[in-house]
Amino acid sequence: MSHQLTIEPLGQIVEVGEGQTILDAALRAGIYLPHACCHGLCGSCKVQVTEGEIEHGEASGFALMDFERDEGKCLPCCATLESDTVIEAEIDEEPDALNLPVQDFTGVVSRIENLTPTVKGVWIELDAPVTFQAGQYINLQIPGEHQPRAFSIASSPARVSEIELNIRLVPGGKGTGWVHKELKAGERVRLSGPYGRFFVRASAHDAEQLGYLFLAGGSGLSSPRSMVLDLLAASGDDKPITLVNGARSQDELYHHAELQRLAAEHPRFTYVPALSGEPEGSGWRGARGFVHEAAKAHFNNDFRGHKAYLCGPPQMIDACITTLMQGRLFERDIYTEKFISAADAQQVRSPLFKKI
Amino acid sequence: MDMKASKKLGLKERYTLMTRDLAWTPTYQAVKDVFPLTEYEGIKIHDWDKFEDPFRMTMDSYWKYQAEKERKLYAIIDAFTQNNGHLGVTDARYINALKLFLTGITPVEYMAHRGFAHIGRQYPGAGPRVACLMQSLDEIRHAQTQIHSLSNYNKYYNGFQNWRHQHDRVWYLSVPKSFFDDAVSGGPFEYIIAIGFAFEYVLTNLLFVPFISGAAYNGDMGAMAFGFSAQSDESRHMTLGLEVIKFILEQDPANLPIVQAWIDKWFWRGYRVLTLVAMMMDYMLPKRVMSWKEAWEIYAEQNGGALFADLARYGIKVPKGWEQACKEKDHLSHLAWNTFYSYGMAAPFHTWAPSEKDMEWLSAKYPDTFDKYYRSLWTHYAREQAEGRRYYSTTLPMLCQICQIPMIFTEPDDPTKIAYRESDYKNIKYHFCSDGCKSIFDLEPGKYVQSWLPVHQIHQGNCFPSDVDPGKPGFNPLAEVLRWYRISDGIDNRDYADSPDKQNFETWRTQATGN
């Protein structure tokens with residue numbers, strides 16, 4: 001039987017299966033808890049249980065002392081739940097997280113548009129308004145599929161009754177195949193959300209006067225677009241915003257005209273489209289190359305004074321992190337939309353970095 | 001009564017109040033006079049507040065934790081002692097691994113304590129200062145618990161009694177000793193990269209896991225308990241090492257080449273010290289845990305590889321000697337045990353040739369090298385020993401100027417040829433076992449010409465008791481060196497087969513298990 005785990009100070013609720021450890025459940029939900037040995041010997045993952053019953057499992061008597069057990073400490077790498085439980089972990093509080101509750105929604109597909117040969121824009125009119133933070137995602141139910149599919153919301157959080165999703169066709173993918181080939185305007189859909197901890201750290205930008213840097217590639221434009229729209233709508237903020245948007249060729253660029261228009265209207269917003277596979281002599285006058293190359297050239301290899309938000313396929317994220325760090329922007333100022341899957345959790349990875 | 005309940009402080013706030021908040025900026029002395037060692041190494045730190053505390057433990061809770069660890073550890077040690085636990089080990093050959101640990105490792109735990117106390121004092125940042133203070137206390141606790149738990153063996157077995165005296169004198173002990181002396185005589189940044197990062201993070205698993213699992217596999221609850229008790233501190237040490245290297249690299253791009261040179265140096269120095277662990281794993285444990293080669297593949301190639309893949313983002317490259325170390329995994333333990341077997345009268349523990357069964361295991365674990373290069377050596381030694389001619393080398397070996405290990409290592413690509421490297425400095429020639437050791441010398445020759453090399457010192461007449469005259473007829477240099485080492489010839493040293501330890505262990509075990 002599964003139980004609910006509330007992780008403080010985030011307030012995030014995670015479902016923990018029978019026999020599943022607290023650490024495993026947290027990591028799968030995208031919540032990083034500090035950890036190292038993963039089998040109860042080092043004590044790096046120690047947390048406080050404030051409510052509920054847990055089973056300590058294999059925790060070593062030296063890594064988790066008797067007095068600590070009496071005080072309600074446990075090691076999440078070994079501990080399993082006996083009831084719904086609340087833990088307090090050493091996670092930095094995120095002053096900008098709204099910690100919105102996840103809800104189920106129903107709605108009607110109001111329109112579908114071909115944004116590029118491989119990306120469709122899907123607009124869903126919701127039966128009840130949704131509140132989300134720019135950058136978050138929803139889980140869409142796919143008929144006949146057990147697991148829902150996650151899609152970032154591409155529209156501004158100001159639009160509470162209709163959300164926009166930009167969905168690329170994954171070759172052989174059942175969920176995106178259904179969206180591209182079967183879903184029609186007027187059909188009813190079910191979804192839940194908002195999910196995810198990918199959002200703009202506005203208070204840190206304000207406190208340290210840091211610019212906003214968005215790096216998007218592949219179909220990763222949705223979250224950055226929502227974040228940019230949200231930032232441009234706010235008054236009284238004049239810190240610069242830069243979006244580097246990567247695509248293979250001109251016909252794979254979408255929302256291009258809108259972003260150019262926004263850049264013309266807002267002097268603080270710079271839009272840098274970069275094409276990696278555009279044919280020579282096509283008349284393209286913008287940047288050529290991958291996102292990280294375009295970013296490096298645009299900032300002359302110096303990213304200091306920013307916080308960067310990265311969204312896209314794993315190779316792109318990886319190349320961008322390396323480029324940012326070599327341009328002196330480090331982990332504390334880099335945010336990625338990262339889902340740690342079960343396979344990632346088992347991979348041999350060094351603990352040098354926590355969240356990137 | 002006016003009672004106002006205030007909100008309980010969060011972990012982070014509590015930590016801040018009890019650490020950084022207790023620091024202050026001096027006003028009647030300049031900061032650089034209070035912390036005079038922070039600039040000369042060339043490391044540039046612009047903002048100490050950017051140091052992110054890797055763990056949030058305050059001194060008050062530190063004492064509480066360590067006190068309970070001590071209570072548990074000593075309860076286990078007492079139980080082990082009262083039950084004559086020493087008679088439960090696989091056989092008394094195992095106890096020689098403990099002698100190696102006590103003479104070679106425990107004194108450097110104490111040096112680690114001194115080193116962290118020293119650099120903690122030298123850092124202007126309150127975060128690293130508190131972390132170093134705790135690690136300094138951890139290290140002295142490790143030294144003490146090791147001495148206490150191994151003192152029980154000293155009641156029954158030979159070779160434990162003069163560990164402190166020997167650490168400063170005996171030839172092979174100058175290997176770990178010179179390693180640590182080199183580190184503590186570096187600056188505060190070099191020391192923390194050397195010990196906090198290169199040793200505690202990259203290499204510590206290769207030291208602790210083999211000894212502690214070795215203890216568990218061979219029935220030694222006492223040593224296993226101090227191992228677990230120490231391991232629970234290691235997580236703090238490892239996270240400190242990682243945070244420090246990130247912090248230094250993020251502070252200024254000019255720090256990168258300095259840090260890279262230290263990583264190259266300290267990886268190689270630490271790796272050379274681990275030669276002693278390699279031979280312990282493959283030859284000294286009656287019941288083995290895994291081979292040195294397997295341990296190297298898991299802890300260095302796999303875990304270390306993942307670390308250096310991440311560090312590459314900062315521009316850090318895999319340490320210079322990495323590739324050679326990976327090539328040597330097939331040879332290291334065999335070369336080392338051959339040396340200790342040959343010099344078996346000059347170390348305060350026993351050596352022995354591997355049995356036919358031992359060799360089957362070695363052959364299976366080292367299919368490419370053991371039968372081809374090393375088996376014939378042991379077969380020869382065994383035959384000589386059976387005919388009453390146990391081989392002991394009576395000449396002194398040539399030592400490497402840096403690692404101080406005899407020049408026993410073979411060329412990385414030719415296991416039949418001993419590697420020799422040399423450098424000239426002020427018209428004197430210096431000798432090295434490897435490219436790694438040579439390049440360490442070439443960067444700082446002025447430091448390493450001062451090395452106290454045990455063999456040179458014997459030749460210079462500095463390793464005899466003061467009551468003897470080397471000029472007198474009949475002077476026996478070996479006997480006098482052993483006397484100066486406080487090694488009782490025929491008791492503490494030489495072959496296990498001929499030792500009182502073996503005889504006593506067998507007698508006591510027979511008494512314990514029958515009438």
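How much area do chain B and chain A bury between them, and what percentage of it is on carbon and sulfur atoms? The two chains bury about 3,100 Å² between them, with 56% of that on carbon and sulfur atoms. Keep in mind as you look around that this is a predicted model. Below is a quick tour, starting where the chains touch and then moving into chain A, with one stop back in chain B.

**Where the chains meet**

- The contact draws on 37 residues of chain B and 29 residues of chain A.
- On the chain B side, Tyr65(B), Glu250(B) and Arg313(B) lose the most area to chain A, together 23% of what that side buries.
- Six salt bridges turn up across the interface of chain B and chain A.
- One of them pairs Lys246(B) with Glu331(A), where the closest N and O atoms are 2.8 Å apart.
- There are also 13 residue pairs in polar contact across this interface.
- Helices H1 (11-18), H3 (59-82), H10 (221-251) and H13 (292-311) of chain B each supply at least two residues to the side that touches chain A.
- H10(B) gives the most to that side, with twelve residues.
- Sort the chain B residues that touch chain A by type and you get 16 nonpolar, 13 charged and eight polar.

**The S1-S2 hairpin of chain A**

- Strand S1 (residues 3-8) of chain A and S2(A) run antiparallel and are joined by five bridges.
- Across that pairing, Leu5(A) stands opposite Val14(A) in S2(A).
- Three residues sit between the two strands of the hairpin, and Gly11(A) takes a positive phi near 80° there.
- Pro9(A) is in the loop between S1 and S2 of chain A, and the peptide bond from Glu8(A) to Pro9(A) is cis, with omega near 5°.
- Side chains alternate along S2(A), residues 12-16: Gln12(A), Val14(A) and Val16(A) point to one face and are buried, while Ile13(A) and Glu15(A) point to the other and are not.
- That fits a general pattern, since in a regular strand the side chains alternate between the two faces of the sheet.

**Strand S8 of chain A and its partners**

- Strand S8 (residues 103-114) of chain A pairs with strand S13 (residues 188-195) of chain A in the antiparallel sense, over six bridges.
- Gly107(A) has Val189(A) as its bridge partner in S13(A).
- S13 of chain A is also home to Pro194(A), and a cis peptide bond with omega of about 0° joins Gly193(A) to Pro194(A).
- S8(A) also runs antiparallel to strand S9 (residues 119-126) of chain A, joined by seven bridges.
- In that pairing, Ile112(A) stands opposite Val122(A) in S9(A).
- S8(A) and S9(A) make a hairpin with four residues between them.

**The parallel sheet of chain A**

- Six strands of chain A form an open sheet with parallel pairing, in the order S17-S16-S15-S14-S18-S19.
- Strands S17 (287-288) and S19 (334-336) of chain A are the edge strands, each pairing on one side only.
- Inside the sheet, strand S14 (residues 211-216) of chain A runs parallel to S15(A), with five bridges joining them.
- Tyr212(A) has Ile241(A) as its bridge partner in S15(A).

**Loop residues to look up**

- Glu252(A) is in the loop between strand S15 (241-247) and helix H6 (256-265) of chain A.
- Glu252(A) counts as buried because its relative accessible area is 13%, under the 20% cut-off.
- The side chain of Glu252(A) makes a polar contact of 3.0 Å with that of Thr116(A) and one of 3.4 Å with that of Arg168(A).
- Ser60(A) is in the loop between strand S4 (54-55) and helix H2 (66-70) of chain A, and at 12% relative accessibility Ser60(A) is buried.
- Not counting residues up to four places away in sequence, Ser60(A) touches Gly40(A), Leu41(A) and Arg69(A).
- Gln209(A) isn't a glycine, yet has a positive phi of about 50°; this residue lies in the loop between helix H4 (202-208) and S14 of chain A.
- Over in chain B, Gln404(B) isn't a glycine either, and has a positive phi of about 65°; its place is in the loop between helix H17 (370-386) and strand S1 (410-411) of chain B.
- At 54% relative accessibility Gln209(A) is exposed, whereas Gln404(B), at 4%, is buried.

Conventions: Residues numbered from 1 in each chain as written. Chains lettered and ligands numbered in written order. Predicted model: local features only at pLDDT ≥ 70, side-chain atom pairs only at ≥ 80, totals over all residues. Heavy atoms only, no water. Contact = heavy atoms within 4.5 Å. Buried area = accessible area lost by both parts, 1.4 Å probe. Salt bridge = Lys/Arg side-chain N within 4 Å of Asp/Glu carboxyl O. Polar contact = N/O pair within 3.5 Å; in protein donor to acceptor, adjacent residues only side chain to side chain. Nonpolar A, V, L, I, M, F, W, Y, C, P; charged D, E, K, R; others polar. Buried < 20%, exposed > 50% of the residue type's maximum accessible area, 1.4 Å probe, protein only. Pairing = 2+ DSSP bridges.
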